[in-house]
Amino acid sequence: MSSALPVAVGSFTINTGAGLVAGSANALAPLVNVATGALAQDGANLTAVAGSLNLAPGLYPETLTLTRNARLRSTGATLNAIVLAGAQITGDYGGVLAPSVTVQPGSSIGQGLTLATTGGTVNVLAGVYSEDVTFGGNATLASQGGQVTIKGATANPLVINSSGNPAALTINGPFALATTQQATPTALLSGNSTLTLGGANALAGAAISVGTTATLSATAGTNSSNAIFLSGGTISAPPSGSAIFSGAITLGATSTTLNAPAGATLIIRGAINSNAGGLFTKQGTGTIVVDAQAPAAFLSPPAVTNGNT
């Protein structure tokens, strides 16, 4: 490829079956249209900073790597994978999805989640990401290469909130939250949403606030030390195996359900503050253990008692 400065062009259209040849990408345009059957990556290579990459609806069996800030638009394009290599998606965007998304420092975790298909995985490289993340879909966040820190400008750097369909986010590997608003950042679960912690460091040092219809869960073998603030909602064991919640728990005025499916074990080990009057009630035929302290008013007999139930 030539080392000369890129040539500015008004727009490009890459038709089905067409593609770039060696040395032909030394030109950039603010508008690039890619037809199904052409390579989305060729379009990205031709898109100028802050330009628009428009993909025709259809399947693109490739990995699209974005290295420059740009709009990414379609009415229904699906790729094998997307890599945000330090780039930000600018302006309005949507309609482009992939089951695997990789986010590198300089890019946005929130944008990566938006690009993931339902049930997809967003792999985030270690580093600090200065943003507040709000998510209402269904995906897994997985760290790669070390701790990922979401550093927000609000007290709730991570919000999971359903707007219609249930929202679900699984966090695997070392993630941390940070905020300039208070000493302990809080992950906020509201609406019909579920957060699943995958490992003890899934949200290291953060508090978790569980809303009236939200659910907090964990993968088998997880021992979470996060402080938990409950406004009702549910704390659930994994489908099989055991999970431990050993952080301090504050019950609200509304009762919280402890759920353990058949063959699963849920252990509540943290100190419990029940001053607001809420109770624990049981759901499921698995084992629930509340061993933080002697039987007290927050245990709702006979549904939940200390020890196995």
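User: Over how many bridges do strand β21 (residues 241-245) and β24 pair?
Analyst: The two strands run in the parallel sense; strands count as paired if DSSP finds at least two bridges between them. Strands here are DSSP runs of E with at least two residues, helices are runs of H or I with at least four, and both are numbered from the N terminus. This is a predicted model, in which local features need pLDDT of at least 70 and side-chain atom pairs pLDDT 80 or more, while totals for chains, interfaces and linings use all residues. For β21 and β24, the number of bridges is 5.

User: Which residue stands opposite Leu266 of β24?
Analyst: Leu266 has a bridge partner in β27, namely Ile288. The residue that stands opposite Leu266 in the other pairing is Ala243. Residues are numbered from 1 along each chain as its sequence is written, and side-chain values use heavy atoms, without hydrogens or water. The residue asked for is Ala243.

User: Which residue in β27 is the bridge partner of Ile267?
Analyst: Strand β27 covers residues 287-290 and pairs with β24 in the parallel sense over 4 bridges. In β27, Ile288 is the partner of Leu266. For Ile267, the partner is Val289.

User: Which strands stand at the edges of the open sheet, each with a single partner strand?
Analyst: The sheet has 4 strands with parallel pairing, in the order β18-β21-β24-β27. A strand at the edge has a single partner, so one of its sides is left without a neighbour in the sheet. The edge strands are β18 (223-224) and β27.

User: How many of the 5 residues in strand β24 are buried?
Analyst: Buried means under 20% relative accessible area, exposed over 50%, and partly exposed in between, with a 1.4 Å probe and protein chains only. Strand β24 (residues 264-268) is mostly covered. Its number of buried residues is 4.

User: Over how many bridges are β8 and strand β10 (residues 138-152) joined?
Analyst: Strand β8 (residues 116-130) also pairs with strand β7 (residues 94-103), in the parallel sense over 5 bridges. Thr121 of β8 stands opposite Ser100, and its partner in β10 is Thr140. β8 and β10 run parallel, and their number of bridges is 10.

User: Is Asn123 buried or exposed?
Analyst: Asn123 lies in strand β8. Leaving out residues up to four places away in sequence, it touches Ser100, Val101, Thr102, Val103, Ala142 and Gln144, where contact means heavy atoms within 4.5 Å. Its relative accessible area is 14%, so Asn123 is buried.

User: Why does Leu279 count as partly exposed?
Analyst: Leu279 lies in the loop between β25 (272-273) and β26 (280-283). Its C-alpha atom is 13 Å from that of Phe229, which is 50 residues away along the chain. Leu279 counts as partly exposed because its relative accessibility is 27%.

User: How many helices and strands does the protein have?
Analyst: The C-alpha trace spans about 75 × 35 × 30 Å along its principal axes. Of the 309 residues, 46% are buried. The secondary structure comes to 2 helices and 27 strands.

User: What share of the contacts with a separation of 6 or more is between residues 24 or more positions apart?
Analyst: Ala243 and Leu266 show a bridge between β21 and β24. Over the protein, contacts with a separation of 6 or more are taken as the whole, and those 24 or more positions apart as the part. That share is 30%.
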